[in-house]
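Biologist: I'm new to this one, so could you walk me through it? Let's put the model on screen and then talk.

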Amino acid sequence: QDFKCNSKSIYLRYFCISFHYVWPLPQIVIPSPERYQLKPQSFSFGYRRYLDTKHSCSVLDAAFKRYFSILFPGYTYGDENEVFTLTISLDRHDCQGYPNQDSSERYKLSVFAGQASLNAETVWGSLRGLETFSQLVYQDDFGSYYVNKTEIEDYPQFNYRGILLDTSRHYLPVQAILKTLDAMAYSKFNVFHWHLVDDPSFPYQSQKFPDLSNKGAFHPVTHIYTQSDVRRVISYARMRGIRVLPEFDSPGHTKSWGKGQSELLTSCYRGGTPSGTFGPVNPTLPSTYQFMASLLKEVASVFPDPYIHLGGDEVDFSCWRSNPYIRAFMRKMGFGLDFSKLEAFYIEKIVNITSVLRKTSIVWQDVFDYHERRKFLSVVEVWKQGCYLCEVRRVVKAGLRVILASPWYLDQPGPTHNWARYYNVWPLAFKGTEKQKSLVIGGEVCLWGEYVDATNLSPRLWPRASAAAERLWSNERQTSCVERAFPRLQEFRCKLLRRGIQAEPLSVGHCKHEYQSGIF
């Protein structure tokens, strides 16, 4: 879609109040030059409807403290003599659960003299509204805090807005993951896709199979995620309205698995004898599926999200091809020499195991590409480069849901000013029916770990990922102009910096508070 930057009405309506830019841009904003002073000593958050001292909400209680510190750095929340109050009301009291694919994030925010009101259908929507309010507050040159009269109605364009972190190729300390979750909440991302394990290492500490990390992690003590670590990440994410989606990729990308689980991987052959090397998971043995069922049962109990990512990408068939027992199995099954049918056989069994556990499976695009029987699939993540919209169209025409990742691979180093490349992505710009387009449930920024560890995680991710965040949240016609987006993203980058996120600069210049955040 070729959107032009020539709509003065959009400019006047959404950008005339230059000092309170919001990122991602809300769906409907009615700004005003009328402003009200905020004083930390007389500001408070309050409850209305279903929320009182008898039915308080731990998610909101924690958010109040968190956002008070964001609004007024250096001040303590809880002072009395309130003058300005932001009152929260929820249509449903859902504070005890976890966010999911169907959770509403819709909210309405009204700011007027002496008070503000935030109404949301769910607690997750209220968290998005609190983030928006925090971006409306600004300081003048004398340090006084202000907020302008504003009316906002907002909701996301897509329900799935993810960030993938790879913790196998380089181990990421838990604190680095938590800091990323903070930044995700600031950009209104709502899914943390945790690519936990891969060929290089298996850092997840399994209760049922402790040798997987004891023998497969870079270090069995310092470079693992204990059950306590995982619970901490899930809890931290929940308090910010973020789902944690675990990925256990197989049958390929599993070299580290074989170190702690014998006879799981395929023995490769050379000249009719074992070569001593191993390839993908062996799909011919009953013990393989017994192991996978036990592991996935544990994963399903540890991670509360109703989805599990099963991977299925980049399977190297050469080892399977070399193994005489694999070839004999294929002849018996009538697969001939088509090893994609063997992969399909394996994936279908793993998907069925996941279904029994009452989890919905997500797979990489390869599974869709190689398999004729597609009815057992639910969600396909499109990642291959090239005409990715062509791939999206193929998947939705088959009646399957899609997550788009292809245009948002940020693991390779690149100049920050190429953020526009990630901004000018139109996920629905393909020929199809409205029903088909509704199957595109969202997109994902992928930060693979070959060249990323805790030293460069934040600057490589932010603020480029925020470009994708606006594309996935906001109305694409109101956010089609890079030139108008730039000053808002530049200011948002300064907000990230002040909040302790080491986001790279977008251009020459400076941030007003860049040396006051204590991160330098």
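**Domains and a helix**

Modeller: The C-alpha centres of domain 1 and domain 3 lie 49 Å apart. Keep in mind that this is a predicted model.

Biologist: What area is buried between domain 1 and domain 3?

Modeller: Start with the contacts: four residues of domain 1 touch four residues of domain 3. Carbon and sulfur atoms give 76% of the buried area. The total comes to about 230 Å².

Biologist: And which residues in domain 1 lose the most area to domain 3?

Modeller: Three of them stand out, together making up 87% of what that side buries. They are Y98, N100 and Q101.

Biologist: How many salt bridges does the rule find across that interface of domain 1 and domain 3?

Modeller: Polar contacts first: with both residues at pLDDT 80 or more, the rule finds zero residue pairs across this interface. For salt bridges between domain 1 and domain 3, the count is zero.

Biologist: Over to helix α10, then. Why are I326, F329 and M330 on the same side of α10?

Modeller: All three are buried in α10, which spans residues 324-333. An α-helix has 3.6 residues a turn, so residues three or four places apart point the same way. Here the three share a side because the arc they cover around the axis is only 100 degrees.

Biologist: Which residues on the other side of α10 are exposed?

Modeller: The buried residues of α10 pack against β11, α9 and α11. On the other side of the helix, the exposed ones are Y325, R331 and K332.

Technical notes. Residues numbered from 1 in each chain as written. Predicted model: local features only at pLDDT ≥ 70, side-chain atom pairs only at ≥ 80, totals over all residues. Heavy atoms only, no water. Buried < 20%, exposed > 50% of the residue type's maximum accessible area, 1.4 Å probe, protein only. Helix = DSSP H or I, 4+ residues; strand = E, 2+ residues; numbered from the N terminus. Arc of directions from axis to C-beta. Contact = heavy atoms within 4.5 Å. Domains from an automatic or database assignment. Buried area = accessible area lost by both parts, 1.4 Å probe. Salt bridge = Lys/Arg side-chain N within 4 Å of Asp/Glu carboxyl O. Polar contact = N/O pair within 3.5 Å; in protein donor to acceptor, adjacent residues only side chain to side chain.
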